[in-house]
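Notebook open, structure loaded. I want to go through the overall layout, a pocket, a helix and some ring contacts.

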Amino acid sequence: MTLDERLDRIVGRALELEALLASGVSGEAFTQASREYGEIEPVVSRINALRAAEQGARQAEALLADPEMKELAEAELAELHDALPQLRQDVRLAMLPRDAADERSAILEVRPAAGGDEAALFASELFDLYRRYADLRGWRFSVMDYDESELGGLRCGIAEITGKGVFARLKYESGVHRVQRVPATESQGRIHTSTVTVAVLPEAEEVDVTIDETDLRIDVYRASGAGGQHVNKTESAVRITHMPSGIVVAMQEEKSQHKNKAKAMKILRARLYEQQRAQAHESRAADRRSQVGTGDRSERIRTYNFPQGRVTDHRVTLTLYKIDRIMLGEIDDFVDALTQEEQAALLAAEGL
C-alpha cells in the first residue's frame, strides 16, 4: 500500500466516524467512536493541510503559462515548495504509533552507583539539574524523598514531576550517567570516574494498576537522618513490599505515617505500571532494573567530563561543550536529538 493510499484510508475512516457520531449513536458504540475519532483527527488535520498545499502548488504551476500571473505564481510556488517537505514530515510523524504514557507526569528516581561519596555528590547535582529543567519547562517538581548523605551528597532522591508531556521529554534520561572529574577530597588532582543511576517512570493512576491489599506487607519504623540520628520519635516511616513482584518502596520524608504511605503507594503504582508496560512491549526492558543497569562504570548513556567541559550522549553520539549550562538544566539539545532518533527508527519500522 502506497503512502497516498494509507492517507486515503485514514481520511475515509474519519468520515465514517463523523457520520456514525452524527447519526445519534449512543452508549459504548459512541464512546469507542469518539475515542477513535479523537486519535485520528490530528492526523487528518495534517493530511488536509498537506493536500491543500499540494493542490495549491498544482494550481500555481498551471498559472505559470499566463504572462500576467507568472510572477505571482512563481512566488507562491516557491513558498509552497519550501513548506511541502515539512508538511509531509508532519503527516508521517502524526501517523506513528503513540506511547500512551507520553503525555503523563513522571516519577524521577536518582541514586548513586559506583564511586562512593563522589557518586553521591554527583547524584545530588543531577537531582538539582532535573529540578532546574522542570522549572525551565514550567512543570511542578515535588520532592517525595530526599535521603542526604553525611557529606551533603544524595543516597536516594525521588520526585514527582507534574505537567503535560513530562514523560515524553524525560524518558530518555533513564540509565547510567557517568561523571569524570577531580573530587574535592582528591589531594593528588587525579580524575575519578563515578556513576549515578536515573529512572523515569510514567505516573500511574489507580485505574492503571490493580493492587490487592493482601499482596502488601507494610512495615512502619522510626525515620532516621544522616548518622542514624532519629528525626522524630514516632514510627512515621513506611516500607511497603509488594510480595508478588518483590518491589519494595520505603518512604520517610514526611512526619506523617499516612502521608508517607500515600507517597510510597504512588511510587509502587508507578513501578508496577512500568513493569506492565515492559511486559506488553518486548522491545522494552523486562523490569525496572534494566532501565538503570547495574551502575557499573562501563555502562553509561551519558558522560559528564568536567575537566574538558563536555557532555556526551553515547546513544546519539552527541557531544556539547557547555557543561555549565547543562548542569543548569539546559538538556533540550539531548532530548531533541534522542526524540528525532526514535522517530526516525519508528518511521523506518512503519515504512513511512
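**Layout.** I started with the domain assignment, which splits the protein chain into domain 1 (3-95), domain 2 (106-206 + 291-350) and domain 3 (213-282). Domain 2 is given in two segments, with domain 3 numbered between them. I also looked up how far apart domain 1 and domain 3 sit: their centres, taken over C-alpha atoms, are separated by 50 Å. Note to self: this is a predicted model.

**Rings.** Next I went after aromatic contacts, and the structure holds five aromatic pairs. I picked out Phe-122 and Tyr-304, which pair edge-to-face, with 5.2 Å from centre to centre and 65° between the planes. Why does this pair tie together parts that are 182 residues apart in sequence? Because Phe-122 lies in helix 4 (residues 116-137), while Tyr-304 lies in strand 9 (residues 302-305).

Are the two partners buried or exposed? I find Phe-122 buried, at 0% relative accessibility, and Tyr-304 is buried too, with a relative accessible area of 0%. The cut-off for buried is under 20%, so both count. I also see that ring pairs link Phe-122 and Tyr-304 with Phe-306 into a cluster.

**Helix 9.** Then I checked the length of helix 9 (residues 332-350). Its 19 residues should span 27 Å at 1.5 Å a residue, and the end C-alpha atoms are 26 Å apart, so the two values agree. Which residues of helix 9 are buried? My list reads Phe-334, Val-335, Ala-337, Leu-338, Thr-339 and Leu-347. For the spacing I keep in mind that an α-helix has 3.6 residues a turn, so residues three or four places apart point the same way. Just after helix 9 comes Gly-351, and its phi is positive, near 70°.

**Second largest pocket.** Last stop: the second largest pocket, with about 400 Å³ of space. I get 15 lining residues, and those nearest the centre are Glu-39, Val-43, Ala-94, Leu-96 and Arg-98. Which helix gives the largest share of the lining? That is helix 2, with six residues. Helix 1 (3-22) and helix 2 (27-63) each supply at least two lining residues. By class, I noted nine nonpolar, one polar and five charged residues in the lining.

Methods:
Residues numbered from 1 in each chain as written. Predicted model: local features only at pLDDT ≥ 70, side-chain atom pairs only at ≥ 80, totals over all residues. Heavy atoms only, no water. 1 Å grid on protein atoms, 1.4 Å probe; cavity = no way out; pocket = protein on both sides within 12 Å on 5 of 7 lines; lining within 4 Å. Points joined across faces, edges and corners; volume = space filled by probe spheres on them. Helix = DSSP H or I, 4+ residues; strand = E, 2+ residues; numbered from the N terminus. Nonpolar A, V, L, I, M, F, W, Y, C, P; charged D, E, K, R; others polar. Expected span 1.5 Å × (residues − 1). Buried < 20%, exposed > 50% of the residue type's maximum accessible area, 1.4 Å probe, protein only. Domains from an automatic or database assignment. Phe/Tyr/Trp six-rings, centres within 6.5 Å; stacked < 30°, edge-to-face > 60°.
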